[in-house]
Amino acid sequence: MGLSARLLTLRRSPVLLKLPPYLSAACIVVGVVWLLLLPLNEYSRQTYVSENAILPGQVHTYFGGSEHNVFRAFRQEAYDQKDASEGHRNAVLGRIMRESGLKVAEQPYSYYAAGEEIAGTNVYGILQGPRADATEAMIIMAGWKNFEGLVNYSGVALVLTLARYFSRWSIWSKDIIVIISPESTYGPIAWVDAYHSTSPIVTATQNISALPIKSGALQAAVAIDYPVGPWGHRFDKIDIQYDGLNGALPNLDLLNTAVSVASGQMNIGCSLHGISGHKDSYNDRLRTIAAGLATQSLGHATGPHSAFMPYHIDAITLKTVGDGWHDEMSLGRVTESLIRSVNNLLEHLHQSFFFYILLNANRFVSIGNYLPAAMLIAGSFTISALALWVQSGRAPLPEKTPAQPTDEKASALPPMELVKAGPDAALVPKPALQSVDRHLFLPALTLLSIHLASFIPLYLLTHLPRSFLPPTLHALTALSLLLPPTLSHLLPANTRDLQTLQSLSLLLLSATLSTLATLNFSLAFLAGLLASPLAFVRPCRSLPAAVLSYAVLAALSPMSVTYGFAAWYWGRGMGLEGVLAEFARGWEAQGVWTMGVVWCVWWPAWVGGGVGVWGGVFGKRT
Amino acid sequence: MNALAQLYNEHPKPILFTSAVALRLLLAIAFPALPDLLTLRAEISTPVNSFKRLQEGLFLYERGLDPYDGGIFYQAPLLLPLFSLLPSPATFFGRIVSVALYTVLDVLSADCLYEIAASGVAGVSSVYASPRRKDGWKPVSVAAVYLFNPFTLLTCLARPTTVFTTCFILLSIRQATQAKANATAFALAIASYSSLHPLLLLPPIGLLCYDQSCKAPQQPSKDGGRSGKQATTSTTKPTPLSFTTIFLTPFLLTLLLLLTLSRLLLPSSTFLSTLYLTPLSLPDLTPNPGLWWYFFTEMFDAFRAFFLGVFWLHMLAYSAPFTIRLRKQPLAAIVAMQGVLAIFQPYANVGDVGAWLAATCLMSHLFPITSTHRYPFPALAALLYASLLGPAFHHLWLYAGSGNANFFYAISLVWALALLILETDFVYACLRDEWEVERPGVKGRVARQV
């Protein structure tokens, strides 16, 4: 109890009241420096296979020889379908699977987002494992078009060849499901959604047919991305893609298995995020972290594997990159060995890490080492919230008047008040009795309204047709910039009430960001970093100071960051409209939360901060 | 805006209650999937109050089977005939009807809180008058905190049966403030019948009722004279012993009546052991925001009985001390005990916490003490953190599969810690208020507790 009493005395110290902005700044700086330290050897670890049953690369792979002829034949068959309709193509692919002994079915799906329809038909086959009881299954798949939109002839052919090859083995203790989806994002999402539901999913924005045939619990999925036609192409490295929707990651063991099979057994190098010339230097490691941070925080699908993560199915995509001397057979043998390892599993992958940041294909940082970075940044808002709360409950300090020399004694003593209770009486210093009541009702109601209002931009930006999106964003930007000064002018609240509002809004932001940090570290880290000015803006008494603070806020606002991101993406030929439509599709069809975090977490906090800034100018004096 | 404010000031209660009802029904109508989603949340529905389990019991009951045979249903038997009258909550209409029933319960509870706050027992008892009694909130604010508290709101939509218990506890307190011993005992007996732990509220609620019956005759009519006043005091003021008898007899009779009724409804008397041994022996370890389940999943069977005893004894140990120490402020003793139950009960849920947090507002005249001398804001901030992180960790553990049970239990520890800080702050404020009356010189000073 001695400690708490001392804390209470500290609460009154003037030094402590000046401290919070510095403390917040220190939190943010330490958070960023923390992230910059992660590439160092001291803070990261070598990856290792944690699950004993998985035995990577312990089997001899027999994929080769005459299978190569089969592969070339299938690739030619696939190439012949390049101008065929989707129905015809699926019929051909289905016939090939059926001839290999698979049970084949098709699944049409359609999504409706940003005023456009995304439709297609998945074709898939189930190879019933000779030793399996249909309780578990693993997946190999390929999108007809890969994530970049190139036709994945060799990937599809390799998957079909492997299916034919696997059907002649008797060792499978799990069913093998082969999926060919028309493209690499929505097809797999529709398939996996339907796999885990009992009836067709029909809503205003999606129409996904049920799967006619199913197997058991999905253990792992491997997608192949090898967009090369009949002319062939020898590749240099395998790029392993692992980011799932909303920044979920597959179990690290699956990744480790793929890396150890590829590099240990087949002598194929592995890269991440397409960073090919990784020299394992500090800079290269930091680049890998940054690329991981970017894709994870965006949360959108990065390949056919992404769809599986929300259902706790570990999945990766093997993508061929560069010019080298490895051919399709090596890739096939990597896949074979990987599937053999997954086949060894006795239970779902659970041993290794689900939260990690990769520095290169065989070095990682685990959650305990990186989470504090995001938590510190989120914590900086709590510190500011506490400081603002204390300030808002403090009576405005009286103007200091020079003490008159005549009544020195009198001014030395604080004004006293006589407190009487029954027969007892006591003199009590007056300031101790003064407490300033905070008005909580109005700030809390305003905050609630701002949060409810935040659903309007979210709804508009996710539901309007594509061509309306850029004008909507311009209008929203203009209105959002006008909202804070208008609110603080119109509200019948004084500066301290607006300070309370700012404090509550920061507290909510901080709690939400730290919750988010446990679900999607990168998004919480970046959102916290971009929102960091909110921790430092205070009510400004003078107009120029308020304008300046507000300009800083506006420069790092949800709107300006959206523009900035779109401008950065313009290089890829999408334009503002394309980027916004992609966001809308992510929200509607992929179920990505990023838009929700930006508009329903950050935007209300930003408005709250803005109201606080203008509170000094427009707030009613008491 | 001003017209609205004026309207609100003139008729606060009807407007408040209407808006609360409208909000609940609107939420249920606008988001038809929300009630069923919340019903499945571990934070709200525990094995002993889950609405889904009630449906299971109801199914067996309506087919003439013993609802306790399934090993799923642990709730009071008298709920079954009540809910069998309602349409099936699987349909849209039935869902709205069930939400409406719980809305009525919430409004009744809020009305009780309103009346308790309006009665002024918070600041004045027969032996004590707080110097701060004028600083309390308006009764309507207390009711508003109950009705618009997110925990209560979510609980209302999730429809756990502990809402009945809460309602009857508050009803019992309300009757106690009017010194109606029979009605108090009756309401408390219903609460104790439906879940065991309100038994621990018997001493403080009894004290409040006794205190009010002592206070009642102290406003004699002027013409009565000195002898008349003495006569009224001596005739109407009961002795503690006689009051205990007056209070306990209807309590036990009601309990007996309810149990007999239950036995008549059901084919066997297994309900007794299921209903009352479940909280005592904790057979179902479904996760909840309380402190018990994790502890007992880790426990070797040999120690189980011992630790069950320790945990229950711990909860039991607060009832009498609070009643004795806070005897000058019986309402404070009740609220403090409610807090202990909300934090430490075997199947904790956020609904009880919401009701308790609203009940602490009954003693709102003491809040300035807590905000000057204690840490309510950090504790409330921690509560906010825990209530956001709790569902996130639950998701990581059970759905995403990337976390484990330790995640969720760690956050329920934080949750309990925040609540405990609020509880100790509350008790501190009550004691300090008494202390400052005894020693006015200490007002505003920092006290060091030893």
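**Strands, core and domains of chain A**

In strand β10 of chain A, the residue that serves as bridge partner to A:Lys237 is A:Gly269. This pair belongs to a predicted model, and the points below follow chain A from that pair of strands to the sheet around them, then to a nonpolar core and to the two domains. Chain B enters the picture through the core, where B:Leu113 and B:Leu362 are among the residues with the most contacts.

**The strands around A:Lys237**

- Strand β9 (residues 235-241) of chain A pairs with strand β10 (residues 269-272) of chain A in the parallel sense, and four bridges connect the two.
- Between these strands the chain passes from β9(A) through helix α8 (residues 252-265) of chain A to β10(A), forming a β-α-β crossover that is right-handed.
- β9(A) is also joined by six bridges to strand β11 (residues 314-326) of chain A, and here the two strands run antiparallel.
- In β11(A), the residue that stands opposite A:Lys237 is A:Val321.

**The whole sheet**

- These strands belong to an open sheet of 10 strands in chain A with mixed pairing, whose order is β6-β7-β2-β3-β5-β4-β8-β11-β9-β10.
- The edges of the sheet are formed by β6 (201-202) and β10 of chain A, each of which pairs on one side only.

**Helix α10 and the nonpolar core**

- Helix α10 (residues 328-344) of chain A has 17 residues, which at 1.5 Å a residue should span 24 Å, and its end C-alpha atoms are indeed 24 Å apart, so the expected and computed spans agree.
- Most of α10(A) is covered, since 15 of its 17 residues are buried.
- A:Val222 is in contact with A:Thr335, A:Leu338 and A:Ile339, and, leaving aside neighbours within four places in sequence, its other contacts are A:Ile139, A:Ile140, A:Ile316 and A:Leu318.
- The largest nonpolar core has 290 residues, and A:Val222 is listed with A:Val159, A:Val178, A:Ile240, B:Leu113 and B:Leu362 as having the most contacts inside it.
- Helix α22 (residues 594-618) of chain A provides the largest share of this core, with 14 residues.
- Domain 1 and domain 2 of chain A each give at least three residues to this core.

**The two domains**

- The domain assignment divides chain A into domain 1 (17-39 + 372-394 + 438-618) and domain 2 (52-361).
- Their C-alpha centres lie 38 Å apart, while 20 residues of domain 1 are in contact with 26 residues of domain 2.
- On the side of domain 1 that touches domain 2, α18 (521-530) and α21 (575-590) of chain A each supply at least two residues, and α21(A) gives the most, with seven residues.

Methods: Residues numbered from 1 in each chain as written. Chains lettered and ligands numbered in written order. Predicted model: local features only at pLDDT ≥ 70, side-chain atom pairs only at ≥ 80, totals over all residues. Pairing = 2+ DSSP bridges. Right-handed = clockwise from strand over helix to strand, strands pointing away. Expected span 1.5 Å × (residues − 1). Buried ≥ 20, exposed ≤ 12 C-beta atoms within 10 Å, placed from the backbone. Core = buried A, V, L, I, M, F, W, Y, C linked by C-beta atoms within 7 Å. Domains from an automatic or database assignment. Contact = placed C-beta atoms within 7 Å.
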